[in-house]
Amino acid sequence: MQTRWRLQGQTALITGASAGIGRAAARELAGLGAEVLLVARDETKLAEAAAEIEEECDGAVVRYFAADVSDTEQRQEIFDWITDLDLPLSILVNNVGTNIRKPTLELTENDFDAVLDTNVHALFELARLAHPFLKQHGSASIVNVGSVSGLTHVRTGPLYGLSKAAVHQLSKNLACEWASDGIRVNSVAPWYIRTRRTSEALSNPDYFEEVISRTPMKRIGEPEEVAAAIAFLCLPAASYITGECIAVDGGFLRYGF
């Protein structure tokens with residue numbers, strides 16, 4: 001029974017792992033016994049995250065690789081690194097994301113490309129690159145970090161919303177297509193979570209009160225709460241769950257008038 005709630009013998013690749021939700025997810029998975037591979041652009045912050053996880057999770061094995069996943073060559077380098085490590089990759093957490101907050105008519109083509117390249121194209125290609133590793137494992141999991149903005153309107157701007165809607169839809173498609181390969185694909189949809197990216201918006205008292213007023217639990221979420229949902233979807237205990245999206249939103253999506 002206990003093995004259903006542990007990840008011993010599994011290896012997890014987490015993108016955007018140097019801070020926020022990605023860092024919390026890496027810590028959660030390591031605490032459940034997985035070897036974790038951290039990827040982000042900043043090598044110094046990656047080293048700090050790795051040291052923190054190893055200190056907090058007794059016996060944790062943490063490795064890291066600095067790369068920009070929106071770059072085609074660097075994505076390939078990540079998987080060359082994993083091949084050299086000769087580890088049985090069984091979990092992929094696609095967490096990396098970006099946003100440009102502008103009204104629709106003020107956005108440029110470069111803005112569009114920047115957000116979609118990171119939030120959608122990189123995620124799509126990382127899943128494809130991971131596929132042969134995950135298929136070889138035979139009981140694998142992908143968790144894509146989407147957003148409530150991909151499910152309903154929020155004030156994050158049109159590019160973020162459309163990119164996260166694509167993440168959720170891609171997760172459903174891959175779940176159906178890759179089920180026969182032993183790969184489950186799910187997503188999570190956070191509302192406002194206390195991270196570096198949300199700190200500026202939430203520092204405005206009026207805006208903060210508006211957010212809280214639309215959140216039945218009357219508080220901002222923590223990265224660890226999203227990480228817990230991610231970890232659950234990776235566990236053997238979730239072996240019959242695929243194509244699902246778990247909202248980690250304090251009830252935001254269910255709020256009526």
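Helices and strands are here runs assigned by DSSP and numbered from the N terminus, a helix having at least four residues and a strand at least two. With that in hand, lysine 218 can be placed in this predicted model: it sits in the loop between α7 (205–213) and α8 (223–234). The phi angle of lysine 218 is near 60°, a positive value in a residue other than glycine. Lysine 218 has a relative accessible area of 48% and is therefore partly exposed, since that class runs between the 20% and 50% limits.

A second loop holds a comparable point of interest. Aspartate 86 is located in the loop between α3 (72–85) and β4 (89–94). Although aspartate 86 is not a glycine, its phi is positive, at about 55°. With a relative accessibility of 66%, aspartate 86 counts as exposed, because the limit for that class is over 50%.

From these loops the description turns to the interior. The largest nonpolar core has 38 residues, and those touching the most other members are Ile14, Leu29, Val36, Leu38, Ile53, Val188 and Ile230. At least two residues of this core come from each of β1 (11–15), α1, β2 (35–40), α2 (43–56), β4, β5 (140–145) and α8. The most generous contributor is α8, which gives seven residues. A second core, separate from this one, has 29 residues, including Leu13, Ile82, Ala175 and Val185.

Helix α8 deserves a look of its own. It consists of 12 residues and reaches 17 Å from its first C-alpha to its last, close to the 16 Å expected at 1.5 Å a residue. Its buried residues are Pro223, Val226, Ala227, Ala229, Ile230, Ala231, Leu233 and Cys234. These buried residues pack against two further strands, β6 (183–190) and β7 (245–248), as well as against α1, β4 and β5.

The partnership between α1 and α8 can be followed in detail. Their axes come within 8 Å and cross at roughly 50°, so the two helices are oblique to each other. The crossing of α1 and α8 is right-handed. On the α1 side, the contact is made by Gly20, Ile21, Ala24, Ala25, Arg27, Glu28 and Leu29. On the α8 side, the residues involved are Pro223, Glu224, Val226, Ala227, Ala228, Ile230, Ala231 and Cys234.

Helix α1 also packs against α2, at an angle of about 30° and with the axes 10 Å apart. Because the angle is under 35 degrees, α1 is roughly parallel to α2. The crossing of α1 and α2 is right-handed. Here Arg23, Ala26, Arg27 and Ala30 of α1 meet Lys45, Glu48, Ala49, Glu52, Ile53 and Glu56 of α2.

Arginine 27 belongs to α1, which covers residues 20–31. Its relative accessible area is 17%, so arginine 27 is buried, the limit being under 20%. Apart from neighbours within four places in sequence, arginine 27 is in contact with Glu52, Ile53, Glu56, Cys57 and Glu224.

One of those partners, isoleucine 53, lies in helix α2. Isoleucine 53 has a relative accessibility of 0% and therefore counts as buried. Setting aside residues up to four places away in sequence, isoleucine 53 touches Arg23, Ala26, Arg27, Ala30, Leu38, Ala60 and Val62. By contrast, phenylalanine 208 is 155 residues from isoleucine 53 along the chain, and their C-alpha atoms are separated by 31 Å.

Leucine 38, another residue on that list, has a long set of contacts of its own. Not counting residues up to four places away in sequence, leucine 38 touches Ile14, Ala17, Ala26, Leu46, Ala49, Ala50, Ile53, Val62, Arg63, Tyr64, Phe65 and Trp81.

The last residue considered is phenylalanine 79, found in helix α3. A relative accessible area of 2% means that phenylalanine 79 is buried. Phenylalanine 79 and leucine 129 are 50 residues apart in sequence, yet 7.2 Å apart in space from C-alpha to C-alpha. Leucine 129 is also one of the contacts of phenylalanine 79 beyond its neighbours within four places in sequence, and the others are Leu13, Leu89, Leu126, Ala130 and Phe133.

Terms used
Residues numbered from 1 in each chain as written. Predicted model: local features only at pLDDT ≥ 70, side-chain atom pairs only at ≥ 80, totals over all residues. Heavy atoms only, no water. Buried < 20%, exposed > 50% of the residue type's maximum accessible area, 1.4 Å probe, protein only. Contact = heavy atoms within 4.5 Å. Core = buried A, V, L, I, M, F, W, Y, C linked by side-chain atoms within 4.5 Å. Expected span 1.5 Å × (residues − 1). Axes fitted to C-alpha atoms, helices over the stretch in contact; angles between N-to-C directions. Parallel < 35°, antiparallel > 145°, perpendicular 65-115°, else oblique. Left-handed = near helix turned anticlockwise from the far one by under 90°.
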